[in-house]
Amino acid sequence: MSTPQTAAFHTLGCKLNFSETSSIRRMFEDKGYATVNFGEPANVYVINTCSVTDFADRKCRYAVRQAQKANPDSKIVVIGCYAQLKPEEISNIPGVDLVLGAAQKFNVLNYIDQITTTDKGMVIAGEVEEANSFVESFSFGDRTRSFLKVQDGCNYNCSFCTIPQARGKSRSDTIENVLKNVRTIADKGVKEIVLTGVNLGDFGNGTEVIEGTKPKKEALFIDLIEALDQTEGIERFRISSIEPNLLTKEIISFVSSSQKFVPHFHIPLQSGSNEILKLMRRRYLRELYQERIEWIRETMPDCCVGVDVIVGFPGETDEHFQETVEFLKQLDVNYFHVFTYSERANTLASEMKDVVPMKTRKERNEILRNISAMKKRAFYRQSEGKVKRVLIEHSKDQEYVTGFTSNYIKVKLKGVDSLVNELRSVKLETLTPEGIYEASLV
Ligand code: SF4
């Protein structure tokens, strides 16, 4: 009997990449490959890259070196957003055998045997327009929660963003297929699904109408969540992130009365200055954002709301930044993800004048992170002594298990692994200095 081929996978970047790596890993397993940890000797390494996080290039090179060290005779394949944007650059990294673009990455198994031994990696990456069909992906087995991709690509053109160039036009799964995937995930015993997409609120845009069927109205995100709310087996759905202009009153009102959609929204703001929002080519002004938060608070006072903000965008003066600070301080939101602006090739923003010095960008980042920490702590404090349902997860600390409440408060409790993947009621007792609740089962 021959020894099975082995494969190892490494993901850089977002939940979408994570769900796609997971699906590609299952394709390898279906072909008879055994999965090993990245860093262990394997026959094939697949590195799924990101173009949004800083140092995409450095992180990719580091992963390639790790793979080479573990097995110098392996085949190393690089896929993902960075691979679509800079295929030639990646193919010159010593050790890379194959670079696949956005339209080719799900066919990786067909290309592996074509790898030839030359000094330079083989590139199979076309124009991003070729990535025009939706390929389903979801994760399970790696975490307690499953990330389910329901939408891909983006038709917006924010001036700082390379995602449309890396992932193509907006396109979505059909509701029928999402429901099928949800049943598969539920059959594996998963209790929580996080709906993911590049521009999730744009769900329905670009969904192909199956030939021979009568054209029907394109589904909207609200239709998807209404259908999901009826499914059996999954106890919680979380919406990963949604653009403020697409977060309708209907969606908010539906989530507030749903038993399955949890009270947690993550809504990109990017700047609290209307002038900067216009330069960023965002599709809303701060007044719209404020209104969305007020709508949420009317029906869900304990909903957790997270905000993405970019600091140091070209042209952001001290006054603009101060506007953002004041706007965020008075806004009833609970945490921020703060990004320091960094130039991306082939974007409008990278050619803009009035570049903010890196030192100032970093100082602004720290100011917002401090405000975020205070807001998060104040939000956590409101739940002190309350009993909440928590989905229990593994923790690195052997003595504890951890978990999140539906409104995204992190807790830890002394417990055993047999509690993992159970939804249990716990009492939130002491807020630790690291910002996690010590809790006990009730
Ligand atoms: S909405 Fe803007 S920032 Fe988000 S993926 Fe689309 S272009 Fe990029």
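How are helix 8 and helix 9 oriented to each other? In this predicted model, in which local features need pLDDT of at least 70, side-chain atom pairs count only at pLDDT 80 or more, while totals for chains, interfaces and linings use all residues. Residues are numbered from 1 along each chain as its sequence is written.

The axes of helix 8 (residues 221–229) and helix 9 (residues 249–257) come within 10 Å and cross at roughly 15°, and the two helices are therefore roughly parallel to each other (angles under 35 degrees count as such, over 145 as roughly antiparallel, 65 to 115 as roughly perpendicular and the rest as oblique). Helices (H or I, at least four residues) and strands (E, at least two) are DSSP runs, numbered from the N terminus, and axes are lines fitted to C-alpha atoms, for helices over the stretch in contact, with angles running from 0 to 180 degrees between N-to-C directions. The crossing of helix 8 and helix 9 is left-handed, a term used if the near helix is turned anticlockwise from the far one by less than a right angle, with right-handed used if it is clockwise. Phe221, Ile222, Ile225 and Glu226 of helix 8 make the contact with Glu250, Ile251 and Phe254 of helix 9, where two residues are in contact if their C-beta atoms, placed from the backbone, lie within 7 Å. This contact has 5 nonpolar, no polar and 2 charged residues (Ala, Val, Leu, Ile, Met, Phe, Trp, Tyr, Cys and Pro count as nonpolar, Asp, Glu, Lys and Arg as charged, and the others, Gly among them, as polar).

Helix 8 also packs with helix 7 (residues 175–187), at an angle of about 35° and with the axes 10 Å apart, in a crossing that is right-handed. Here Ile175, Val178, Leu179 and Val182 in helix 7 meet Asp223, Leu224, Ala227 and Leu228 in helix 8, a contact with 7 nonpolar, no polar and 1 charged residues.

Helix 9, in turn, packs with helix 11 (residues 286–299) at an angle of about 25°, with their axes 10 Å apart, which makes helix 9 roughly parallel to helix 11. The crossing of helix 9 and helix 11 is right-handed; Lys249, Ile252, Ser253 and Ser256 in helix 9 meet Trp295, Ile296 and Thr299 in helix 11, and the contact divides into 3 nonpolar, 3 polar and 1 charged residues.

The residues around the ligand, each with its C-beta atom, placed from the backbone, within 6 Å of it, include Cys154, Cys158, Cys161 and Glu243, and the shell divides into 7 nonpolar, 2 polar and 1 charged residues.
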